[in-house]
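Here are some worked exercises to try with the model open in your viewer. Have a go at each task before you read its solution.

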Amino acid sequence: MTRLRRRRDVNRPTFAAVAEDCLDEVYRYLLVLTADPALADDLTGATFEKALRSWRRYDPTRAEPVAWLCAIARSTALDHFRTEKRRKRREERYAADQPESTHTHLLGLSPELEAAMAELTAADREVLALRVVLELDAEAAARVLGVSRSACSMRLARALRKLEERMAADALA
Amino acid sequence: MRSPDETDVERIEGLLRGVPPESAREAHLEGLIRELRSVSAHAPRDVREHVRSLEPPRRRQFGWKPALVLVPAALALAAGIVVGGRDSGPQREANSGAAALTLESSAQDSRAAAPQGQSFAAPVEKTGRAQEWDVRLDLAVRDNRALSDASAEAISLTRELGGFVVSSNIATDGPSGRADLVLRVPERRVQDAIAQLSELGTITGQQVSVQDRQGDLDRLAKRIDTLRIQRAELNAQLAQPGLSEPERLRLELRRQRVQGLLNQLTRQRSSVSAEVAFAEFRVSLATKRAAAAPGGGRFDDAIGSALGVLAVAAAAALFLTIVLLPLAAIAAALLLGRRALRRRDDERLLDRPRPTPSAGER
């Protein structure tokens, strides 16, 4: 057992190396998911802080580093969304509505695609980020999302179809 | 036949793997995929610096897992030392007392007094004088079964040594029990009896008293001799011829008194002789839970007590497991339900363009 762990430790990359390799990918995932660069910045930092704390539990044989980090990023983002939801519900009784900040050219895509992406739900953007932007395979993406592989593929197909429809609608408009 | 969705999924997977498009729509999809893959957003410099500055948490030398074993073991050992120390304190004193059992002597005869610290194992000095022995032994045994065995053994020992049982009273009440034996052992086997009876349990109390009766016997013997001489002289006087009737009657009465006194003193001497011939042993046996075997060290006692504490803890853990198992099942069901609700909540949260409520949604 100890020998096995030692052998695993020998093949194990360092956290610094993994962070350096995967930082941009995790940032892209969070950027596409949240559609908010400032929030993506904060969540990226929080994700790596959390990842460092649980680095000893990471098993390279079970998941690629980027998939493991994306799972942590997803959990961090969801925690943030929940907290924000509660906070905004409290605030809306007292504070005046604030205009929603809009970001354009978040991802460096064509304006049509950026606009269509902005109209998708976060869940749709998330699966596009994992499967298309980060090019994770169906197995790894499904593990991050906590769903089956076929459900993940189905979700991707639906997201792409919506994206096509939004772009077509925008073109007609 | 496959549904359009299934076909769609398979084709999209193919396009992701680099399979060439077969229709205009697939070509459009491939273009979308290619454009999305071109996203090259980089983490800002400050985020990168922040991540680089993260330091790994200080690694603990020992994790918390060894504590799961070490802490209960240490607690059990400590409890064993405390419990063992409390239980074996008087007992240990008794054992050391057994090793240093003193022979209490009556003030009548200072020669029978053994020096302080004389042990059972040390031979009691044989003086050749008549001595009356009274021995009290308080012994602790582990349980009622040991009590019964020790009582039977004590009686058997007494008979083997040529003695007899004066009284025997054995009573048990639940896990505890007590036996009170009064034994008579020939005076010449006193040492053997003390040594062998002491091994029947853990000594918790003892007293040995020796009273010298040789003076009494000597006085009685001297008095008896005097009376016999007087009786012989009276017999001789009565045998003389020519005694008047009143004189004969007076001598006769005097001889009867001497004979009566002689008989009384002879009986008294016999009684004293009988008392010194057999030593009296009052043996009290009592059960004592977790009584350590005689001669065990303090560490052995502590280990034994620690094992006892662990056994009790294990029994309590088993009981709690049985009691808590249904509660644990309910808790697990609640946990699974909570997880399902949380997943649904997550899906609901992500099922909108901006996961947090925007101004327009309020």
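Two residues are in contact if their C-beta atoms, placed from the backbone, lie within 7 Å. This is a predicted model, in which local features need pLDDT of at least 70 and side-chain atom pairs count only at pLDDT 80 or more, while totals for chains, interfaces and linings use all residues. Residues are numbered from 1 along each chain as its sequence is written, and chains are lettered from A and ligands numbered from 1 in the order in which they are written.

**Exercise 1. The two chains**

Task: find what share of the contacts with a separation of 6 or more in chain B comes from residues 24 or more positions apart, then describe the make-up of each chain.

Solution:
- Step 1. In chain B, that share is 76%. The corresponding share in chain A is 71%.
- Step 2. Helices (H or I, at least four residues) and strands (E, at least two) are DSSP runs, numbered from the N terminus. Chain B has nine helices and six strands. Chain A has eight helices and zero strands, giving the pattern α-α-α-α-α-α-α-α along its sequence.
- Step 3. A residue is buried if 20 or more other C-beta atoms lie within 10 Å of its own, exposed if 12 or fewer, and partly exposed in between; these C-beta atoms are placed from the backbone. Chain A has 173 residues, of which 38% are buried. In chain B, 22% of the 362 residues are buried.

**Exercise 2. Helix α2 of chain A**

Task: work out where α2(A) is kinked and how much of α2(A) is buried.

Solution:
- Step 1. Take the bend at a residue as the angle between axes fitted to the seven residues ending there and the seven starting there. The kink in α2(A) is about 50° and is centred on Cys22(A).
- Step 2. Because 14 of its 20 residues are buried, α2(A) is largely enclosed by the rest of the structure.
- Step 3. Now look just past the helix: Ala35(A) has a positive phi of about 55° there.

**Exercise 3. Two packings of the same helix**

Task: describe how α2(A) packs against α6(A) and against α4(A).

Solution:
- Step 1. Two packed helices are described by the angle between their axes and the distance between the axes. Axes are lines fitted to C-alpha atoms, for helices over the stretch in contact, and angles run from 0 to 180 degrees between N-to-C directions.
- Step 2. Angles under 35 degrees count as roughly parallel, over 145 as roughly antiparallel, 65 to 115 as roughly perpendicular and the rest as oblique. A crossing is left-handed if the near helix is turned anticlockwise from the far one by less than a right angle, and right-handed if clockwise.
- Step 3. Helix α2 (residues 15–34) and helix α6 (residues 122–133) of chain A have axes that come within 8 Å and cross at roughly 155°. The two helices are therefore roughly antiparallel, and their crossing is right-handed. Residues making this contact include Tyr29(A) and Val32(A) on α2(A), with Leu128(A) and Val133(A) on α6(A).
- Step 4. For classes, Ala, Val, Leu, Ile, Met, Phe, Trp, Tyr, Cys and Pro count as nonpolar, Asp, Glu, Lys and Arg as charged, and the others, Gly among them, as polar. The α2(A)–α6(A) contact has eight nonpolar, no polar and three charged residues.
- Step 5. Against α4(A), the angle is about 40° and the axes are 9 Å apart, so α2(A) and α4(A) are oblique to each other. This crossing is right-handed. Cys22(A) and Glu25(A) of α2(A) and Val66(A) of α4(A) are among the residues involved. The classes here are 12 nonpolar, one polar and two charged.

**Exercise 4. A residue facing the kink site**

Task: is Val66(A) buried or exposed, and which residues does Val66(A) contact?

Solution:
- Step 1. Val66(A) sits in α4 of chain A. Val66(A) is buried because 21 other C-beta atoms lie within 10 Å.
- Step 2. Beyond its neighbours within four places in sequence, Val66(A) contacts Cys22(A), Glu25(A) and Leu134(A).
- Step 3. Val66(A) and Cys22(A) are 44 residues apart along the chain, with 5.8 Å between their C-alpha atoms.

**Exercise 5. Where the chains meet**

Task: how many residues of each chain take part in the contact between A and B, and what does Ala41(B) touch?

Solution:
- Step 1. The contact joins 52 residues of chain A to 42 residues of chain B. On the chain A side, the elements giving two or more residues include α2, α4 and α6. That side has 27 nonpolar, eight polar and 17 charged residues.
- Step 2. Ala41(B) lies in the loop between α2 (24–37) and α3 (45–52) of chain B. With 17 C-beta neighbours inside 10 Å, Ala41(B) is partly exposed.
- Step 3. Setting aside neighbours within four places in sequence, Ala41(B) contacts Tyr27(A), Arg28(A), Leu31(A), Leu107(A) and Gly108(A).
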